[in-house]
Amino acid sequence: MSHLRVRTREGGGGISVVYVDGYLNSLLGEEMERAVYDVVDAGGAGVVLNFEGTKLINSIGISFVIGIVERMRERNSTLAFCSLKRINQELFQMTGVSRYVRLFDTEEEALVFLAQSV
Amino acid sequence: MSSLPRASEAGSRRPKGYLAGGIGTVYKLRAIRDFAFGLSRARNFDESLRLALMVIMGTFSILKGVIFLEENGEFHARVSRGLPPGILPVPKSKDLLRFLRRTRKPVTVRRKGTAAVVKRTAGELESAVPALSAEILCPLGTKKGVLGILLLGPTLTGQELTPRQRETLGVMASFLSANISNHRVVLEISSLNDVLRVQVQENKRLLAKMREIYLDTIRAFAAAIDAKDPYTRGHSERVAKLSVSIARGLGLPEEDVQAIHIASILHDVGKIVTDRAILVKSSALTRAETRQLQKHPKTSYDILSEIRFPYPDVALLARHHHEWMDGSGYPDAKRDHQIPVGARIIAVADAFDAMMSNRPYRKSLPLTHAIAEIRDYVNHHFDPQVARVFFRILRKGLNGERGKVPFLPKEGNGFSRREVLRFLDGTLEEFP
C-alpha cells in the first residue's frame, strides 16, 4: 500500500482515534481490526473510530465492525464512532450496530464523551 | 448483547430521500454481489470460505459462525469467525445425517415447534463449539450428497432472522454449496490426473520396450540375409541409419520415418531366395543371373506384405527401392513421384553403401567417387531433394556434428576429410 488507509492518533487520556479511509471491505477491514486491537492490547482505555474518510462499507466491513464491538465489550473497553456519512450511519442503524455504540457527529464530541466515561 | 447498554440515538437521523426504506435492499443486493465476488476472486479455497462466512455474518449482523465440511467420515471446522480456535471434529451421527438429508433450507434452532432432530443436531454441534450458542443450522450439499453444515450464532440484536432473511441465507448457502462441490470436483480431477500420468508413463515405457523387442526381431531377420552375402555384412543396418537420417532431414512425419526405418532394414529380404552363387559371383552376371537377382525387390514385397507392420507401406517401400527417377529401374519401371518417397530415400542410401563396400567384383570406391556418382545420377536415378539432404548429412558427419558416422571410411588410405568436404561444398552449390 503506497498510502496509509488506517491511521491511529493519540487523543489524550489513554483514548486513541483510528481513522479509516476508503472502501471498508475485506482488506481495509483487516487493517482496521489490527489497529484497534493494537490499541487495546497496549492497554488503551478507549477507541474512537473516525469514519469521515470511509466512503462505503460492505457486508464484510460490517462483519469486522461487529467483531470489534463484541471484542471491546468482552474487554470492557469503551468505543465510539464519529463523523459518519449519512449512508454509513443508516447502515449501522439497519444492522443494529448503532444500538451498542455511541455515534457522534464530530471527533471532539466523541473524545469528550469517552474522557468522561473512562 | 441484550445486556449491553443501549447507545443513545442522538447522532442518528431518519433516512430521507432515496434511502428511505431502500437501504436494506441496496445492502442486501450488494451483499449478494460481495458474496459472488468473494467466492470467485479468492486466492484459494479456504479464503473463499472465509469471505463467504464474513459476508453472511455481516449481512445478518451475526457475531459467531463456523463452516463444517465433511472429510473422512467426520465434520471438520474449516473456517470460523468470532470463535476461539481448537474446534473439535464432529462425528457423523445418525441424527446429523438424517437432518442433513431431510433439510435443504436454513432452520432456526430455538423456536417453538423446532423438530427434535434439529435440536439434537444443534446439541451435537454445540458440544464441539461450546462458545457458540447455535441459532441457525444451514445444511450444505448438492443433489449428489452432503457437503457440510454452516452453523451460526445469534444476531447482534438478538432478533431472529425474518423469513425473507432466511430465504436470502438459503440462496447464499446454495452458492456456497456449489463452490464447495466445484472444489471437490477439481480435487478429484487432479488426483485422477496423477493416476493417469503414472499410467501414461508406464505405457510409454512398455511401448518403448516393445519397440526395442520388435526392432531386435527385425534386425535378426536382416542379419540372416546379410549372413548369406558376406560382402554385404552390416549393409542393412547402415542403409537403415542413413535412410532414417535423410527422412528426418526431409521433415517427414514420425510414422513415415518409422516405416522407412523398418523397410530399409528389410529391403533386401528377398535375396533370401537368390542363389548364393549369384550373390558372391566375382565376374559379370549372365542375363539369366541378372534377371534372378532383380527379382529380389518383388520377393521382398511378397514376404513383407504378409506381415502386419504398425507403420504404413513398409512392403511397398522395399518393392520400389530399385526404381529410378527416369523409369529405367525395376520391378515396375515407376518414375518420379510414382515412386514412394521412402523408396527414393532407400535408393540413395542403398547405392551409397554399396559403393562404399567391397564387392565380389570390385573393391570399395573412394568417397569422392561415390558422391560424384550420386550427383551425376540425380534426376536419372535419384531424387534431387533426397540427394541434397544426403549431401548435407554427409557434410555434417564429416564436420563431426553428428558424432560418428558409421558409413564413412577412416582417415588415411587415400581418404582426406578436407578434400572430401571441399568436394561436397562444390557439389552442394549445384543443389541450392
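These are my notebook entries on a predicted model with chains A and B.

**Entry 1: the cores**

I began with the nonpolar cores. The largest of them has 65 residues, and I looked up which members touch the most others: A:Leu49, A:Phe81 and A:Phe92. For this core I also asked which element gives the most residues. That turned out to be helix α2 of chain B, residues 45–59, with nine residues.

A:Phe81 seemed a good residue to follow up. I set aside its neighbours within four places in sequence and listed what remained in contact with A:Phe81. Two of the partners, A:Leu49 and A:Phe92, are ones I had already noted as touching the most other core members. A:Phe81 also contacts A:Phe51, A:Val65, A:Val69, A:Val97 and A:Val101. The list of its contacts is completed by A:Arg102, A:Leu103 and A:Phe104.

There is also a second, separate core, with 54 residues. Among its members I wrote down B:Leu317, B:Met355, B:Ala370 and B:Leu398.

**Entry 2: how chain B is divided**

Next I checked the domains of chain B. Domain 1 covers 17–190, and domain 2 covers 229–429. How far apart are the C-alpha centres of the two domains of chain B? I read off 77 Å.

**Entry 3: a helix pair across the chains**

Back to α2(B), this time with its partner from chain A. Helix α2 of chain A spans residues 59–74, and α2(A) packs with α2(B) at an angle of about 75°. The axes of these two helices are 7 Å apart. Are α2(A) and α2(B) roughly parallel or roughly perpendicular? The range for roughly perpendicular runs from 65 to 115 degrees, so I put α2(A) and α2(B) down as roughly perpendicular.

From α2(A), the contact uses A:Ser59, A:Ile60, A:Ile62, A:Ser63, A:Phe64 and A:Ile66. From α2(B), the residues are B:Leu51, B:Met54, B:Val55, B:Met57, B:Gly58 and B:Thr59. Sorted by class, this contact has eight nonpolar and four polar residues, with no charged ones.

I took a closer look at A:Ser63, which is in helix α2 of chain A. Is A:Ser63 buried or exposed? Its relative accessibility is 3%, and the cut-off for buried is under 20%, so A:Ser63 counts as buried. Leaving out neighbours within four places in sequence, I found A:Ser63 in contact with B:Met54, B:Met57, B:Gly58 and B:Arg81. I also noted a distance along chain A: A:Ser63 and A:Glu109 are 46 residues apart in sequence, with their C-alpha atoms separated by 26 Å.

**Entry 4: a helix pair within chain B**

For the next pair I stayed in chain B. Helix α13 (residues 367–376) and helix α15 (residues 417–429) pack at about 10°, with axes 10 Å apart. The cut-off for roughly parallel is under 35 degrees, so α13(B) is roughly parallel to α15(B).

On the α13(B) side I listed B:Leu367, B:Thr368, B:Ile371, B:Ala372 and B:Arg375. On the α15(B) side I listed B:Val420, B:Phe423, B:Leu424 and B:Thr427. This contact has six nonpolar, two polar and one charged residues.

**Entry 5: backbone details**

I then went through some backbone angles. The peptide bond from B:Tyr330 to B:Pro331 is cis, with omega near 10°. B:Pro331 sits in the loop between α11 (314–319) and α12 (341–356) of chain B.

B:Asp336 is in the loop between α11 and α12 of chain B too. Its phi is near 40°, a positive value in a residue other than glycine. B:Asp336 is partly exposed, at 35% relative accessible area.

A:Asn76 likewise has a positive phi, near 55°, and is not a glycine. I located A:Asn76 in the loop between α2 and β6 (78–82) of chain A. With a relative accessible area of 72%, A:Asn76 is exposed.

**Entry 6: two last residues**

B:Ala36 is in helix α1 (residues 23–41) of chain B, and is partly exposed at 36%. What separates B:Ala36 from B:Phe175 in sequence and in space? I found 139 residues in sequence and 7.9 Å in space, C-alpha to C-alpha.

A:Thr106 is in the loop between β7 (102–104) and α4 (107–117) of chain A. A:Thr106 is partly exposed, with 29% relative accessibility. Not counting residues up to four places away in sequence, A:Thr106 touches A:Cys82 and A:Ser83. The C-alpha atoms of A:Thr106 and A:Arg5 are separated by 20 Å, with these positions 101 residues apart along the chain.

Definitions and conventions:
Residues are numbered from 1 along each chain as its sequence is written. Chains are lettered from A and ligands numbered from 1 in the order in which they are written. This is a predicted model: local features need pLDDT of at least 70, side-chain atom pairs count only at pLDDT 80 or more; totals for chains, interfaces and linings use all residues. Side-chain values use heavy atoms; hydrogens and water are left out. A nonpolar core is a set of buried Ala, Val, Leu, Ile, Met, Phe, Trp, Tyr and Cys residues joined through side-chain atoms within 4.5 Å. Buried means under 20% relative accessible area, exposed over 50%, partly exposed in between (1.4 Å probe, protein chains only). Helices (H or I, at least four residues) and strands (E, at least two) are DSSP runs, numbered from the N terminus. Contact means heavy atoms within 4.5 Å. Domain bounds come from an automatic or database domain assignment. Axes are lines fitted to C-alpha atoms, for helices over the stretch in contact, and angles run from 0 to 180 degrees between N-to-C directions. Angles under 35 degrees count as roughly parallel, over 145 as roughly antiparallel, 65 to 115 as roughly perpendicular and the rest as oblique. Ala, Val, Leu, Ile, Met, Phe, Trp, Tyr, Cys and Pro count as nonpolar, Asp, Glu, Lys and Arg as charged, and the others, Gly among them, as polar.
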